[in-house]
Amino acid sequence: MKVAVVGATGLVGTVMLKVLEERNFPLTELIPVASEKSVGKELTFKGKQFPIVSMDTAISMKPDIALFSAGGSTSLEHAPRFAEAGTTVIDNSSAWRMDPSKKLIVPEVNAYELSIDDKIIANPNCSTIQMVVALKPLHDALKIKRVVVSTYQSVTGTGVKAVTQLMDERQGVEGEKAYPYQIDLNVLPHIDVFTENGYTKEEMKMVKETNKIMGDDSIRVTATTVRIPVMGGHSESVNIEFENEFELDQVRSLLEKAPGIIVIDDVANLKYPMPKDAHEKDEVFVGRIRRDESQAKTLNMWIVADNLRKGAATNAVQIAEFLVQKELV
């Protein structure tokens with residue numbers, strides 16, 4: 001089992017390597033791929049040194065699986081080349097997500113859609129992943145009509161430059177900026193670029209990806225995505241209107257039994273999920289479960305997950321695990 005990690009030195013690529021090691025993924029050969037300036041350097045995986053290779057070298061080595069986290073343009077150019085060589089690509093960029101010929105996969109929700117013919121598989125947006133993990137068991141039981149979501153997203157979702165900007169500002173140091181405004185002691189209601197309808201691309205990703213992953217275009221979704229000065233994970237306030245009536249105990253039970261979810265919901269003892277609880281964890285955490293008293297058959301809840309792990313690296317590795325388990329690679 002040869003596995004290539006494309007973008008191995010980046011923020012998500014580094015976490016992919018960590019997750020592969022932690023979960024003891026059954027690989028026999030690791031092929032780290034990065035930009036030309038990194039080729040020839042070595043990185044450590046499971047106590048061994050592996051040389052970083054170029055894209056062409058990696059393709060010639062014919063890996064079974066390639067985990068991509070190197071940006072959309074890189075993926076559009078090189079993922080098809082890997083696929084032509086017989087490699088199954090799991091891509092973390094936005095390049096293939098809305099391509100009707102490609103599957104958009106969150107294993108707890110729709111891994112069953114995958115077949116041996118899927119050579120490029122898309123990993124969804126981080127904020128969408130954690131939300132649909134929590135929506136899936138509720139939709140199956142109660143049928144979701146509409147979702148209103150506001151996000152509180154970590155600077156790590158933007159990358160190393162954003163983390164550096166936050167820390168520079170915190171220390172009063174002038175440096176390179178990832179955002180148009182200060183992020184420390186501030187909140188930016190702006191993730192990705194604005195589109196003609198006044199929503200950002202990040203907001204529209206949550207709308208379109210949710211419908212595609214859930215396999216149901218009738219679910220109406222509206223989103224406001226916000227960057228906040230935290231690290232460790234993304235948080236979401238989610239309001240869900242159902243077709244069917246529910247009991248709160250039923251909702252808690254559905255979530256507690258669902259794969260990949262940990263319920264922390266004990267407000268009497270001030271227990272609820274926070275980004276620092278989700279940091280370096282693979283699960284999606286759900287709390288503040290309560291009825292929306294302004295409207296019938298409607299629920300409010302709070303969802304938190306580590307955006308670099310479940311929101312990116314872990315989800316990709318879980319797709320790879322499913323492919324191996326089902327002998328699809």
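These legends describe close-up views of a predicted model.

**View 1. A salt bridge joins E22 and R309.** The two side chains meet at 2.6 Å, N to O. The pair links distant parts of the chain. E22 belongs to helix 1 (residues 11-22), and R309 to helix 10. In sequence they are 287 residues apart. E22 is partly exposed, at 46% relative accessibility. R309 is buried, with a relative accessible area of 3%. Across the structure there are 21 salt bridges.

**View 2. Salt bridges with shared partners form one network.** The residues joined are E22, R23, D282, R309 and E321. Two of these, E22 and R309, are the pair at 2.6 Å, N to O.

**View 3. K310 sits in helix 10 (residues 309-325).** Its relative accessible area is 0%, so K310 is buried. The contacts given here leave aside neighbours within four places in sequence. K310 touches V106, P107 and E108, and also I129 and V133. Further contacts are K281, D282 and V284. N315 and Q318 complete the list. D282 is also a member of the salt-bridge network.

**View 4. D192 and K205 form a salt bridge.** The N to O distance is 3.4 Å. This pair, too, links distant parts of the chain. D192 lies in the loop between helix 6 (160-170) and helix 7 (201-214). K205 lies in helix 7, and the two are 13 residues apart. D192 is partly exposed, with a relative accessible area of 31%. K205 has a relative accessible area of 18%; buried means under 20%, so K205 counts as buried.

**View 5. D99 meets K102 in a salt bridge.** The side chains come to 3.9 Å, N to O. The cut-off is 4 Å, so the pair counts. D99 is partly exposed, at 22% relative accessible area. K102 is buried, at 16% relative accessibility.

**View 6. F45 and F50 make an edge-to-face aromatic pair.** The ring centres are 6.3 Å apart. The planes stand at 70°. Planes over 60 degrees apart count as edge-to-face, so the label applies here. Both F45 and F50 are buried. The count of aromatic pairs comes to four.

**View 7. F68 and F82 pair edge-to-face.** Their planes are at 90°, and their centres lie 5.4 Å apart. F68 is in strand 5 (residues 65-68), whereas F82 is in helix 3 (residues 72-84). The pair links distant parts of the chain, 14 residues apart. Both F68 and F82 are buried.

**View 8. R291 lies over the face of F246.** The distance from R291 to the ring centre is 4.3 Å.

**View 9. P137 packs against residues far along the sequence.** P137 is part of helix 5 (residues 126-142). At 14% relative accessibility, P137 is buried. Not counting residues up to four places away in sequence, P137 touches L254, L255, A258 and I261. P137 and K257 are 120 residues apart in sequence. In space, their C-alpha to C-alpha distance is 8.8 Å.

**View 10. Four residues, V267, L270, Y272 and M274, make a nonpolar surface patch.** The patch covers about 360 Å². L270 lies in the loop between strand 12 (261-263) and helix 9 (275-278). L270 counts as exposed, at 63% relative accessibility.

Technical notes:
Residues are numbered from 1 along each chain as its sequence is written. This is a predicted model: local features need pLDDT of at least 70, side-chain atom pairs count only at pLDDT 80 or more; totals for chains, interfaces and linings use all residues. Side-chain values use heavy atoms; hydrogens and water are left out. Helices (H or I, at least four residues) and strands (E, at least two) are DSSP runs, numbered from the N terminus. Buried means under 20% relative accessible area, exposed over 50%, partly exposed in between (1.4 Å probe, protein chains only). Contact means heavy atoms within 4.5 Å. Rings of Phe, Tyr and Trp (its six-membered ring) pair if their centres lie within 6.5 Å; planes under 30 degrees apart count as stacked, over 60 as edge-to-face and the rest as tilted. A charge sits over a ring if NZ of Lys or CZ of Arg is within 6 Å of the ring centre and within 35 degrees of the ring normal. Patches are made of residues with over 30% relative accessible area and no salt bridge: like charges are joined within 9 Å, nonpolar side chains (Val, Leu, Ile, Met, Phe, Trp, Tyr) within 5 Å. Accessible areas come from the Shrake-Rupley method with a 1.4 Å probe; for residues, only the protein chains shown count as cover.
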